[in-house]
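Please open the model in your viewer and set it to a cartoon representation, so that helices and strands can be selected in turn. The tour goes from one sheet to the next and finishes on a helix.

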Amino acid sequence: MPVKSVASDLESTISGALEQRSRVSSIVAEAAAGGIKTLFFVGCGGSLYASSPIGDVMATRGRSVVTYRMESGEFVYGPPATLGPDSLVVVGSHTGTTPETIKAIEVARAHGPRAVLAITREPDSPLAQAADHAFTYGSKHTVWEPKQVYLAQIGHGALLACGDESQAEHDAALDAYSGLGGAILDAIAASDDYLAEMATALASEPVIYVLGAGPAEDVARCLSMCYLQEMQWLHSAAFNANEFFHGAFEVVTDQTAVLLFLGQDHSRPIAERARTFLEKYARRAWTVDLADLALPGIPGAYRGEVGPLVLGSLASRIGQHFEAVTGHDLDTRRYMHKVEY
């Protein structure tokens, strides 16, 4: 997709999600009025990976509310004992038709949570219709970013409602997302030639390993599983950059293709350790480092929180460059939505 097309869709879609801030805050405040102790983010694939940045925020700041990020099938067949009347459940599915995520709403309701919130593309989808409230974004192309804006609004709303964040802290955090669209477009413009070169170099590799730590771990997983495997039919595997040293690094030679994402949050030392190793032992290693990007409009104190959304956008852009190199359309599938599974 040309950069111009990316820009138009991305800016309008992100703006639409940002404009829902008051509505989201009001809904979360109402749901939390009776007190919430647990918050669940539930989804499959990219819809689960999208909750990684706010999940990290909740894990490091949430003292009164405990947050779980769960794959939909795991939630359905093994709902946690903490799921109950003092829970807030957030489900996500781009199409709004993922069977196990829709089933997750049914399972959640059986435990009587405060509310079930959905994040999906269209308001008339089965997922949106089954939830108490739905937050939608409408775009078929800009998906990762509006989901994460909504998730940030929900997460910070829960922190505020539970007393784990002051009003000033809450406002400052959500204000930081207002510059997201411009920061992403600036990052794409600054790195697009490099990303195109990367895709050209990696497209013919027999296997591509992708690494990340902290919130960037799920950026790595999304690129590996959603873009390279699902959309490009390429062999790839993703690893936590620290777990990489507990087995996977033994397959690395100077002929092994590896891509490493580096964020600017508390996990950065983990990613830097992986980079040091790759610089010494790998000759086909590529890095996408948030520290190299200007991120105009994003306050320095929030680069760690908002930055993974930018890395995710660059992962999507990498997928588009792979499509250009391989000629394999990103929408082509063998099995997904084509056969019974």
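In what order do the five strands of the open sheet with parallel pairing lie? In this predicted model, the order is S2-S1-S3-S4-S5. Select residues 66–71 and then 133–136 to find the edge strands, S2 and S5, each of which pairs on one side only. Averaged over the sheet and with direction ignored, neighbouring strands are turned by 20 degrees against each other.

Next, select strand S1 (residues 38–43) together with strand S3 (residues 87–93), a pair that runs in the parallel sense over six bridges; within this pair, Leu-39 has Leu-88 in S3 as its bridge partner. Adding residues 99–110 brings up helix H6, which lies across S1, S3 and strand S4 (115–120) and runs at about 170 degrees to S3.

Now move to the open sheet of four strands, where the pairing is again parallel and the order is S7-S6-S8-S9. Its edge strands are S7 (236–240) and S9 (284–289), each pairing on one side only. Strand S8 (residues 257–262) is joined to S9 by six bridges, the two running parallel, and Leu-260 stands opposite Thr-287 in S9. Helix H10 packs on this sheet, where it touches strand S6 (208–212), S8 and S9, and its direction makes about 150 degrees with that of S9.

Finally, select residues 180–202 to isolate H10, whose 23 residues have end C-alpha atoms only 29 Å apart, whereas a straight helix would reach 33 Å at 1.5 Å a residue. Centre the view on Ser-191, where H10 bends by about 60 degrees.

How values were computed: Residues are numbered from 1 along each chain as its sequence is written. This is a predicted model: local features need pLDDT of at least 70, side-chain atom pairs count only at pLDDT 80 or more; totals for chains, interfaces and linings use all residues. Side-chain values use heavy atoms; hydrogens and water are left out. The expected span of a helix is 1.5 Å times one less than its number of residues. The bend at a residue is the angle between axes fitted to the seven residues ending there and the seven starting there. Two strands pair if DSSP finds at least two bridges between them. Axes are lines fitted to C-alpha atoms, for helices over the stretch in contact, and angles run from 0 to 180 degrees between N-to-C directions. Contact means heavy atoms within 4.5 Å.
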